[in-house]
Amino acid sequence: MPPLSITCSARNSRPFRETNYEPEGILTFGTGNEGNGFKLINVGLVHQSNGSQEAESRSWNRAYGQGGWEWGPLSMLGRLWYRLPESA
């Protein structure tokens, strides 16, 4: 079996720089629960994109719902999200 040969050149293997944006809007509602258990509800919209236009553009929008629970010193957040349909 011939030896495996891997060729690497500076022209073909360079680090790249990418800029991504993720603005987000959140509404938070407390449950009024003073004890352990369910504490808050978040509803939000998120947009992620690379800031480019036309063929170089990558973006998506999501809506989500999130719940928060507390038990003593332990806190937990759970999130369900939905990718919003986009036009072609």
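This is a short tour of a predicted model, moving from the whole chain to its aromatic pairs.

**The whole protein**

Begin with the full chain in a cartoon view, where the protein shows zero helices and four strands, and where the order of elements, followed from the N terminus, is β-β-β-β. If you switch to a surface view, you are looking at about 7,600 Å² of exposed area, 56% of which is supplied by carbon and sulfur atoms. Of the 88 residues of the protein, 14% count as buried. As for how the chain meets itself, take the contacts between residues at least 6 apart in sequence: 34% of these join residues at least 24 apart.

**First stop: Phe38 and Trp69**

The structure contains two aromatic pairs, and the tour visits each in turn. Select Phe38 and Trp69 and show their side chains; the ring centres are 5.2 Å apart and the planes meet at 45°, an angle that is neither under 30 degrees nor over 60, so the pair is classed as tilted. Colouring by element helps here, because Phe38 belongs to strand 2 (residues 37–49) while Trp69 belongs to strand 3 (residues 59–71), so that the pair ties together parts lying 31 residues apart in sequence. Are these two rings buried or exposed? Phe38 has a relative accessibility of 34% and counts as partly exposed, and Trp69, with 27%, also counts as partly exposed.

**Second stop: Trp60 and Trp81**

Next, select Trp60 and Trp81, whose ring centres are 5.3 Å apart and whose planes stand at 85°, so this pair is edge-to-face. Here, too, the pair links distant parts of the chain, since Trp60 is in strand 3 and Trp81 is in strand 4 (residues 74–83), 21 residues apart. With a relative accessibility of 22%, Trp60 counts as partly exposed, because buried would require a value under 20%. Trp81, at 47%, counts as partly exposed as well, because exposed would require a value over 50%.

**Third stop: Arg62**

Keep both tryptophans on screen and add Arg62 to the selection. Its charged end sits over the ring of Trp60, at 4.6 Å from the ring centre. Which other ring does Arg62 lie over? Arg62 also lies over the face of Trp81, 5.1 Å from the centre of that ring. With Trp60, Trp81 and Arg62 displayed together, you can view the edge-to-face pair along with the arginine that sits over Trp60 and over Trp81.

Terms used
Residues numbered from 1 in each chain as written. Predicted model: local features only at pLDDT ≥ 70, side-chain atom pairs only at ≥ 80, totals over all residues. Heavy atoms only, no water. Phe/Tyr/Trp six-rings, centres within 6.5 Å; stacked < 30°, edge-to-face > 60°. Helix = DSSP H or I, 4+ residues; strand = E, 2+ residues; numbered from the N terminus. Buried < 20%, exposed > 50% of the residue type's maximum accessible area, 1.4 Å probe, protein only. Lys NZ or Arg CZ within 6 Å of the ring centre and 35° of its normal. Contact = heavy atoms within 4.5 Å. Areas by Shrake-Rupley, 256 points an atom, 1.4 Å probe, with all protein chains shown as cover.
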